[in-house]
Amino acid sequence: MSVDASTGTWLGRTIELEVGAVAHGGHCVARTEGRVVFVRHALPGERVLASVTEDKGGSFCRADAIEVLEASPERVEAPCALAAPGECGGCDWQHAAPKYQRELKAAVVMEQLKRLAGIDREVVVEALDGGPLDWRSRVRLVAGKDGRAGFRAHHSHRVIPIDDCPITVPGALDDVVSRNWRPGSEIEVTKDGEGQVHLRDLSTVHGKTRPRQLTGGLAVQHAAGRDWRFDAHGFWQVHPAAADTLAAVVAEWAEAPRDGVAWDLYAGVGLFASVLASQVGPRGRVLAIESGRRAVSDGEENLADLPQVRWRSGRVEHLLADAPKPVDVVVLDPPRKGAGKAVVESIVEGSPDRVVYVACDPAALARDIALFAEHGYRLVDLRAFDAFPMTHHVECVALLQ
């Protein structure tokens, strides 16, 4: 195989590859003729024919395995026909047995910790209740040119129309796939803890997005021993078992002292703030910081019985300067990009005894753990959960002291 002299790339070429280790992002690594090929729809140890789907030159390109010549014993038939090359880009590992999917994710977490934080640690990714299908309670779809709702192909704007989605909770998409939409509309769907479906149309007209609530709007969830009511399209854990599971780990590891001070950063509607409030008691203080104003409003209403929780709306890095210090424990659940240097430095200025870090991206977590290590904090414990089965995503909780 050589580079096409007319284009300078391998784009569109078919290559026979020996597939190597899993990598972060839902693909495996193969090497040929001095280049790295990131291969989707393959598994470690397989021999495949792969079609190059992206090549910008340089040391690597991307490809899809279009034929398996020697299959891994962990390969299974995907439960969805659209989990295939050129089709829906939502799932990464439907072709792997569920237990093996968790092993692949564990390998990714371990590799990121080693490469980015210099930490050698065994990791086990734990399954959540409910199995690998029927778990996704929040979905965003897009309408294609024909008005049918679907998902985008991997790394593409092309819409793959659907009739259903096996990883989505049953019944959530019935009213979406049965109608026609304005082409280009984005459709947000949430099925809450009471089984109600909330549907919002994000049509763009004359360059402006005009949200239109079609059904519902106020979601009800149950977690951490409380009932929650909030914007159905705001942040909440996607997997029905995730909120309770993560709240339990935070409760175990935070150990906020009675009458103490705690911070809940990127607080959402206050799931972890409620846990911290029960630990510090009525004479303690919990600072909850969240950038979304609607989430703060919902959080204030949901935790109105906990006056020890004080809410601040704004960016975490801007508000920590005035936060109560010293602080006993900090819980943070940042977005996928992680907390970053400024936030980490502001946290360590508060001299917390414990930091409980909830992360949806293992690379961002590892980078931030390395930043904490520069200030004397070490990774004491870590748990990982398969909160997004069939995808490459994994949820981690780390305890730093």
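User: Buried means under 20% relative accessible area here, so is serine 185 buried or exposed?

Analyst: Keep in mind that this is a predicted model. Serine 185 has a relative accessible area of 1%, so it falls under that 20% cut-off and is buried.

User: Where is serine 185 in the fold?

Analyst: Serine 185 sits in a loop, the one that links α2 (174–177) with β10 (186–191).

User: And which residues does serine 185 touch?

Analyst: Leaving out residues up to four places away in sequence, serine 185 touches Leu141, Val142 and Ala143, plus Asp201, Leu202 and Ser203.

User: Switching topic. Which residue does UniProt tag as "active site"?

Analyst: Cys360 carries that annotation, and it comes from an unreviewed UniProt entry. Cysteine 360 lies in the loop between β19 (354–359) and α8 (362–373).

User: Why does cysteine 360 count as buried?

Analyst: Its relative accessibility is 15%, and because the cut-off is under 20%, cysteine 360 qualifies as buried.

User: What does cysteine 360 touch, ignoring residues up to four places away in sequence?

Analyst: Cysteine 360 has contacts with Pro335, Arg336, Val394 and Glu395 on that count.

User: OK, on to α8. What about alanine 363 in that helix: buried or exposed?

Analyst: Alanine 363 is in α8, and with 7% relative accessibility it is buried. Past the residues up to four places away in sequence, alanine 363 touches His24, Gln112 and Leu116.

User: How far is alanine 363 from lysine 337?

Analyst: The C-alpha atoms of alanine 363 and lysine 337 are 8.7 Å apart in space, with their positions 26 residues apart in sequence.

User: Let's talk voids. How many cavities of 30 Å³ or more are there?

Analyst: Two cavities reach that volume. The largest cavity comes to about 50 Å³, and the second largest holds about 30 Å³.

User: Which residues line the largest cavity?

Analyst: The lining of the largest cavity is Val22, Ala23, His24, Gly25, Gly26, Trp93, Leu104, Lys105, Val108 and His392. Both β1 (14–23) and α1 (98–117) supply at least two of the lining residues, and α1 gives the most, with three. His24 is in that lining and also touches alanine 363.

User: How does that lining split by class?

Analyst: For the largest cavity, five lining residues are nonpolar, four are polar and one is charged.

User: And what lines the second largest cavity?

Analyst: His41, Ala83, Cys91, Asp92, Trp93, Gln94 and His95 do. By class, the second largest cavity has three nonpolar, three polar and one charged residues in its lining. Trp93 is part of this lining and appears in the lining of the largest cavity too.

User: What about open space, say the volume of the second largest pocket?

Analyst: The second largest pocket has about 330 Å³. Its lining has 21 residues, and Arg40, Thr53, Asp64, His154 and His155 lie nearest the centre. The class split there is six nonpolar, nine polar and six charged.

User: Which strand gives the most to the lining of the second largest pocket?

Analyst: β5 does, with three residues. β3 (35–40), β4 (47–54) and β5 (60–70) each bring at least two.

User: Last one: why is strand β16 described as largely enclosed?

Analyst: Strand β16 covers residues 285–290, and five of its six residues are buried, so the rest of the structure largely encloses it. β16 pairs with strand β15 (residues 261–265) in the parallel sense, over five bridges. Within that pair, alanine 262 stands opposite valine 286.

Terms used: Residues numbered from 1 in each chain as written. Predicted model: local features only at pLDDT ≥ 70, side-chain atom pairs only at ≥ 80, totals over all residues. Heavy atoms only, no water. 1 Å grid on protein atoms, 1.4 Å probe; cavity = no way out; pocket = protein on both sides within 12 Å on 5 of 7 lines; lining within 4 Å. Points joined across faces, edges and corners; volume = space filled by probe spheres on them. Helix = DSSP H or I, 4+ residues; strand = E, 2+ residues; numbered from the N terminus. Nonpolar A, V, L, I, M, F, W, Y, C, P; charged D, E, K, R; others polar. UniProt positions renumbered as here; feature names shortened; annotations may be inferred. Buried < 20%, exposed > 50% of the residue type's maximum accessible area, 1.4 Å probe, protein only. Contact = heavy atoms within 4.5 Å. Pairing = 2+ DSSP bridges.
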